[in-house]
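Welcome! Please take a moment to look over the sequence and the 3D structure before reading on.

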Amino acid sequence: MLAKMSSVIDQLALQTPDRLWPPDAVAGMKALVERFPTAETGPMIGAVRFGILGVELRLGEREVQVDLSMPILREDRDAILELAGHEEDGHWLREDLWWSRVHQLCRRWAEAGGLLHRHLEMLWLELDVLESDATQSDSEAQVGLPAPGIFVGFSRSAGGEADAPTRRQLLQEIVLVLTGEIPDPAVFEHLEVCVAALPEAARLQFFGLMLSRGSGVVRFVFAGLSAVEIRPFLETVGWPGNAEALERTLLGLLSDEDRRLLPDRAAVQIDVAARGVQSRLGLELPLDATTQRHQGRVAEERFLRRLADRGLCSAAKLEALLELPGRSLQSWGEVYRVGHTRQIHHIKLAVGGGGEIEAKAYYGRILTIENEPGAPPPDAVSLGEALTGNR
């Protein structure tokens, strides 16, 4: 199921400059996904079926690691459950230490009327690709599957309207399924401090766990904060870093002669443990998707050049970033065009424990369907044929 992603990796890598995704990093990612059993029967998840793929590109001069991310939508959840029901092809989803827990979470998510069924919108799986992945022998590749990071995406009701007991129950149930442990009660308390400190337009969007690290630290993602709201939020929740210095850096990157270089909403990632909010922090700065989709260019070029001016992005990687957006569409039945759009979703500023900042680009290939000019809307049957034919 994931092993078949190797060809999708090849396709995206061909469209990505080596300066951003070196051949060794491509080989490492392919070696990672090829460790997964190949399903001869049953369904494939959407990332494989539709050629959807997300990668994390580090923008520093000497940074070469590129990691993999992929969405799990409700349809993909059901595909995972179906695959796990196959006696041979699905054994790893039932038996592997970490992936059996992903399977169990999908089962709970699918239970009609259950808490997860009402409040979960999607999952994101993240797989770190290490340098050793490209050099493993065949025998080494058979020893265990990589433990994924999982980000659980909440519906708007859970992220902005659910009460504290519901959030607590959701977090406890999900962490227990994924780790076999119940989070320390102090984690819930810190979460509620964060929720109470959010501006009116912001909400809890995701929370994440690296499965191999247990439930001691939970990463929460709060979306919808403006640049000037981030500092008071961090100060209120007890972030131990220098919020004033971070604000100066952020505003210096985003402002140019009183002109904003990015849309005014960002997401803040904070790590929470029993002892409180941790020093590591992430700021996700979304880019304009419309310009990339329809014009094949990045509207925020001046912002990216500001990253390079501040030493957060190498000059070579900056020029490569500007080459990334584009699309490949083919006519289908004189009704619509089907293919993929390449898009930089957001830039992340990762703040380390000592205040150092690393910039990353989250880039991917997204399924795209458009009506042919003047064509009537497609019916459901023809749309399904186009989707299943576009692998």
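This report goes through confidence, strands and helix packing, in that order.

## How sure is the model?

What you see is a predicted model. Across the chain, pLDDT averages 87, and 89% of the residues score at least 70.

One stretch deserves a little caution. Over residues 137-142 the pLDDT stays under 50. For that stretch the model has 3 contacts beyond four places in sequence.

## Strands side by side

A good place to begin is strand 3, which covers residues 120-127. Strand 2 (residues 66-72) runs antiparallel to strand 3, and 5 bridges join the two. Strand 3 also pairs with strand 4 (residues 149-154), again in the antiparallel sense, this time over 6 bridges.

Try finding Trp124 in strand 3. Pro71 stands opposite Trp124, and Trp124 in turn stands opposite Phe151 in strand 4. Following these three residues takes you from one pairing to the next.

## Helix 6 and helix 4

Now turn to helix 6, made of residues 99-110. Helix 4 (residues 74-84) packs with helix 6 at an angle of about 120 degrees, and their axes are 9 Å apart. That angle makes helix 4 oblique to helix 6. The crossing of the two helices is left-handed.

Which residues make this contact? Helix 4 brings Arg74, Arg77, Ile80, Leu81 and Ala84, while helix 6 brings His103, Cys106, Arg107, Trp109 and Ala110. Sorted by class, the contact of helix 4 with helix 6 has 6 nonpolar, 1 polar and 3 charged residues.

## Helix 6 and helix 10

Helix 6 has another packing partner to look at: helix 10, which spans residues 164-179. Here the angle is about 145 degrees, with the axes 8 Å apart. On the helix 6 side, the contact is made by Arg101, Val102, Gln104, Leu105 and Arg108. On the helix 10 side, Glu173, Ile174, Val177, Leu178 and Thr179 take part. The residues of the contact of helix 6 with helix 10 divide into 5 nonpolar, 2 polar and 3 charged.

Arg101 is worth a visit of its own. Leaving aside neighbours within four places in sequence, Arg101 is in contact with Val177, Leu178, Thr179 and Gly180. How many residues apart in sequence are Arg101 and Gly180? They are 79 residues apart, yet their C-alpha atoms are 8.9 Å apart in space.

## Helix 11 and helix 12

The tour ends with helix 11 (residues 185-197) and helix 12 (residues 227-237). Their axes come within 9 Å and cross at roughly 150 degrees. Helix 11 and helix 12 are therefore roughly antiparallel to each other. Helix 11 passes helix 12 in a right-handed crossing.

To find where these two helices meet, look for Val193, Cys194 and Ala197 on helix 11, together with Phe233, Thr236 and Val237 on helix 12. By class, the residues of the contact of helix 11 with helix 12 are 5 nonpolar and 1 polar, with no charged residues.

How values were computed. Residues numbered from 1 in each chain as written. Predicted model: local features only at pLDDT ≥ 70, side-chain atom pairs only at ≥ 80, totals over all residues. Heavy atoms only, no water. pLDDT = per-residue confidence, 0-100. Contact = heavy atoms within 4.5 Å. Axes fitted to C-alpha atoms, helices over the stretch in contact; angles between N-to-C directions. Helix = DSSP H or I, 4+ residues; strand = E, 2+ residues; numbered from the N terminus. Parallel < 35°, antiparallel > 145°, perpendicular 65-115°, else oblique. Left-handed = near helix turned anticlockwise from the far one by under 90°. Nonpolar A, V, L, I, M, F, W, Y, C, P; charged D, E, K, R; others polar. Pairing = 2+ DSSP bridges.
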